[in-house]
Amino acid sequence: MSRVALVTGGMGGLGEAICIKLAALGYKVVTTYSPGNKTWKEWLDSMNKMGFGFRAYPCDVANFDSAKACVEQIAKEVGPVDVLVNNAGITRDMTFKKMDKVNWDAVMSTNLDSTFNMTKQVCDGMLDRGWGRIINISSVNGQKGAFGQTNYSAAKAGMHGFTKALALEVARKGVTVNTISPGYIGTKMVMAIPSDVLDSKIIPQIPMGRLGKPEEVAGLVAYLSSDEAAFLTGANIAINGGQHMH
Ligand code: NDP
């Protein structure tokens, strides 16, 4: 029987590539869309016309009760989740001087609380079944910090603290927990940066001289989801074109 993979924020730039890759490998792929998303049905229909067979459920990952209701519905209609990719995330960039509580809280709850909210719904089942993969999509900016991102860098660094602690707790039960820290990937989130800033400030920081491709991150997710990756846990894997090495 094929395994069920739940990718939060699967309709975004990275998430879509992850969904496509996992579907190609035979996973039953389920994704979420946020309650305000008006185009989810069009996305789902267009993907399924291409034969992917995705399912999509509403979920505000920042809200524990919403996450619970979403995963309960998935368990009923598709089956228990074997692979969870905590990918949904937002940025609200501003210098610390301008950072207000609203933008701090929004980024912490969507990027970090969401990791708890979603993982909490699936982890016990993975332990009971003796197999599971939890993959947290963090960021290079959680590893090195970034100007204007005290909220985002804190949330993304926090995700990896969560990864390491949970990885210890579940290591003997067939469940692995890992973090992926992408550098700049050519998705809408990054293409929204003005092109002169991309060309003059961002690309020059990347030794490979280009943005990453969503498919490159998806390939790493596929590996971490696989049986072959059973000995890999608690890691923070950088995929950033050489931008940050540690
Ligand atoms: P996108 O903005 O394209 O996608 C983000 C996704 O998150 C959307 O599908 C969105 O869903 C979902 N989302 C946002 N808020 C919520 C919420 N409250 N509840 C449920 N879903 C929500 O971003 P990317 O694909 O570029 O980024 C994906 C992940 O990768 C993020 O965590 C990001 O921080 C991280 N990342 C991205 C990098 C890049 O270069 N692009 C670099 C490093 C890390 P909806 O559309 O339904 O609102």
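# Pockets, cavity and ligand site

The second largest pocket holds about 160 Å³ of space. This is a predicted model, and the description below rests on it. The lining of the second largest pocket consists of Phe 116, Thr 119, Lys 120, Cys 123, Asp 124, Phe 162, Leu 166, Glu 169 and Val 170. By class, that lining has 5 nonpolar, 1 polar and 3 charged residues. H4 and H6 each supply at least two of the lining residues, and the largest share, 5 residues, comes from H4.

The largest pocket contains about 1,200 Å³ of space. Its lining is made up of 48 residues, and those that lie nearest the centre of the pocket are Gly 89, Ile 90, Thr 91, Tyr 152 and Met 189. Several elements each supply at least two residues of this lining: H1, strand S2 (28-33), helix H4 (101-129), helix H5 (140-144), H6, H7 and helix H8 (195-202). Divided by class, the lining of the largest pocket has 20 nonpolar, 21 polar and 7 charged residues.

The ligand takes up the space of the largest pocket. Around the ligand there are 28 residues, of which Leu 14, Ser 34, Asn 37, Tyr 152 and Ile 185 are the closest. Tyr 152 is thus named among the residues closest to the ligand and also among those nearest the centre of the largest pocket. The shell around the ligand divides into 14 nonpolar, 12 polar and 2 charged residues. Helix H1 (13-24), helix H6 (150-170) and helix H7 (188-191) each supply at least two residues of that shell. H1, H6 and H7 are also listed for the lining of the largest pocket.

Polar atoms of three residues lie at the following distances from an oxygen atom of the ligand.

| Residue | Protein atom | Distance to a ligand oxygen atom |
|---|---|---|
| Gly 12 | polar backbone atom | 3.2 Å |
| Asn 37 | N or O atom in the side chain | 2.7 Å |
| Thr 187 | polar side-chain atom | 2.8 Å |

The ligand taken alone exposes 890 Å², and the protein buries 86% of that area. Asn 37, which appears in the table with a side-chain atom 2.7 Å from a ligand oxygen atom, is also one of the residues closest to the ligand.

The structure also has an enclosed space: it holds 1 cavity of 30 Å³ or more. The largest cavity has a volume of about 30 Å³. Its lining residues are Thr 8, Val 61, Asn 86, Asn 87, Ala 88, Asn 111, Ser 114, Thr 115, Met 118 and Met 159. H4 gives the most to this lining, with 4 residues. By class, the lining of the largest cavity has 4 nonpolar and 6 polar residues, with no charged ones.

H4 recurs in these descriptions. Helix H4 (101-129) supplies at least two residues to the lining of the largest pocket, gives the largest share of the second largest pocket's lining, and gives the most to the lining of the largest cavity.

Terms used: Residues numbered from 1 in each chain as written. Predicted model: local features only at pLDDT ≥ 70, side-chain atom pairs only at ≥ 80, totals over all residues. Heavy atoms only, no water. Near = heavy atom within 4 Å. Polar contact = N/O pair within 3.5 Å; in protein donor to acceptor, adjacent residues only side chain to side chain. Areas by Shrake-Rupley, 256 points an atom, 1.4 Å probe, with all protein chains shown as cover. 1 Å grid on protein atoms, 1.4 Å probe; cavity = no way out; pocket = protein on both sides within 12 Å on 5 of 7 lines; lining within 4 Å. Sits in = over half its atoms within 2 Å of the grid points. Nonpolar A, V, L, I, M, F, W, Y, C, P; charged D, E, K, R; others polar. Points joined across faces, edges and corners; volume = space filled by probe spheres on them.
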